[in-house]
Amino acid sequence: MYAQMVKSGAADDSPEARAFQARIDAGEKIEPKDWMPEGYRKTLIRQIGQHAHSEIVGQLPEGNWITRAPTLERKAILLAKVQDEAGHGLYLYCAAETLGVSRDDLTRDLLSGKMKYSSIFNYPTLTWADMGAVGWLVDGAAIMNQVPLQRTSYGPYSRAMIRICKEESFHQRQGYDIMMKMAGGTAEQKRMAQDALDRFWYPSLMMFGPSDKDSVHSAQSMAWKIKMNTNDELRQKFVDQTVPQAEYLGLTVPDPDLTWNEDKGGYDFSEPDWSEFFEVIKGNGPCNTERLAARNAAWDDGKWVRDGLLAHAQKRAARKVAAE
Ligand code: BYC
């Protein structure tokens with residue numbers, strides 16, 4: 001850990017670094033033009049950039065079902081949700097840009113596979129019940145992680161999170177509403193709901209990152225209040241919140257070892273298969289290739305739009321100069 005802190009500049013004992021840490025400890029927000037250690041800036045670019053990419057790639061598994069939604073109302077709701085995800089990506093790219101990185105750089109690193117996005121979006125969405133499971137579990141996990149980030153130390157990130165969390169609550173409710181319909185429907189619909197829970201349970205637990213003992217960044221990120229909780233703390237809160245919701249639906253969490261632990265006031269539960277998690281984040285999950293191919297195709301197909309907008313902006317700027 002110390003070697004990592006030295007490398008990132010975290011062990012910097014300069015007066016600026018000490019004053020910076022004092023501001024963080026006092027709960028002050030850091031703004032773009034304030035002095036900040038290089039490691040703080042880089043960690044934020046990594047986390048905010050990955051978060052933005054997750055919102056953008058996260059449109060794909062749900063986008064898959066817009067044309068197949070069972071009713072016009074469900075289609076309109078899903079379309080609005082997927083549009084919200086695009087908006088979240090844009091707020092987050094803007095927040096990252098305040099740290100001196102361009103959106104083009106971030107996009108290039110996503111498309112080349114250099115930067116990560118959330119592991120969860122490398123799993124396929126096979127049935128309509130998966131739209132329920134994604135909203136309920138994936139957005140539920142996202143909210144659990146992102147509500148504390150509203151208090152993160154970097155001003156632009158914290159403000160983006162406030163807005164995003166409002167929309168995520170609607171997303172989670174729409175997912176749970178689909179699960180209510182499916183779980184309370186025909187035997188076949190209930191089977192689909194259970195199957196979606198079976199497939200999305202462990203990948204949702206993985207969204208919080210590796211166990212604390214394997215988390216590389218947590219200690220420093222928490223000292224800087226870039227992260228407010230450890231990965232395991234949030235995973236535990238998610239399980240404690242979600243198990244009663246599954247019971248209400250009449251569904252079974254696919255974990256034979258799940259038991260209420262009176263002493264800790266929470267559930268004991270099985271860890272996900274961490275070897276699967278590390279394979280997925282290395283690029284070897286079920287849909288990694290397909291997701292990156294889809295983003296690259298969208299980037300290439302959109303070139304004429306970007307070129308057109310740029311040419312238009314250049315013409316307008318030239319006209320303005322000529323008129324002055
Ligand atoms: N997936 O030291 P650690 C959404 C990486 S969008 C992939 O614990 P950290 C939604 C980690 O990057 C949800 N990679 O890392 C959108 C690191 O590798 P690098 C996205 C993961 O950063 C559309 C290594 O593992 N939310 O909800 O301290 C529709 C070691 O981990 C993952 C955010 O991005 C993962 N799950 O903690 C619906 C929230 N976990 O970078 C929904 C903001 C870990 O050294 N991010 N890794 O190569 C965070 O809170 C933190 O970055 C994490 C990880 C808790 C995710």
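How many nonpolar, polar and charged residues make up the shell around the ligand? In this predicted model, in which residues are numbered from 1 along each chain as its sequence is written, local features were considered at pLDDT of at least 70 and side-chain atom pairs at pLDDT 80 or more, while totals for chains, interfaces and linings use all residues. Side-chain values rest on heavy atoms, with hydrogens and water left out. By class, the shell around the ligand comprises 13 nonpolar, 13 polar and six charged residues, where Ala, Val, Leu, Ile, Met, Phe, Trp, Tyr, Cys and Pro count as nonpolar, Asp, Glu, Lys and Arg as charged, and the others, Gly among them, as polar.

The ligand is surrounded by 32 residues, of which K116, S215, H217, K227 and N231 come nearest; a residue is taken as near if one of its heavy atoms lies within 4 Å of the molecule. At least two residues of this shell are supplied by each of α3 (38–57), α7 (129–149) and α12 (274–284), with helices defined as DSSP runs (H or I, at least four residues) numbered from the N terminus. Polar contacts, defined as pairs of N or O atoms within 3.5 Å, involve both side chains and backbone: an N or O atom in the side chain of H217 is 2.6 Å from an oxygen atom of the ligand, a polar side-chain atom of R46 lies 3.0 Å from a ligand oxygen atom, and a polar backbone atom of M207 is 3.3 Å from a ligand nitrogen atom. Taken alone, the ligand exposes 1,000 Å², and the protein buries 91% of that area, as computed by the Shrake-Rupley method with a 1.4 Å probe.

The ligand sits in the largest pocket, in the sense that more than half of its atoms lie within 2 Å of the grid points of that pocket. Pockets were located on a 1 Å grid over the protein atoms alone, as open sets with protein on both sides within 12 Å along at least five of seven lines, whereas a cavity is a set of points where a 1.4 Å probe fits but cannot get out; lining residues have an atom within 4 Å of a point. The largest pocket has a volume of about 1,200 Å³, the volume being the space filled by probe spheres set on grid points joined across faces, edges and corners. Of its 48 lining residues, R46, Q47, Q50, S118 and M207 are the closest to the centre. The helix that gives the most to this lining is α7, with nine residues, and the lining as a whole has 20 nonpolar, 16 polar and twelve charged residues.

The second largest pocket has a volume of about 400 Å³, and among its 15 lining residues L90, R103, T107, R295 and W299 are the closest to its centre. The largest share of this lining, five residues, comes from α6, and α5 (72–97), α6 (103–111) and α13 (288–301) each supply at least two residues.

One cavity of 30 Å³ or more is present, and the largest cavity holds about 40 Å³ of space. This cavity is lined by P61, I120, F121, Y123, T125, V134, V138 and F200, that is, by seven nonpolar, one polar and no charged residues.

How values were computed:
Polar contact = N/O pair within 3.5 Å; in protein donor to acceptor, adjacent residues only side chain to side chain.
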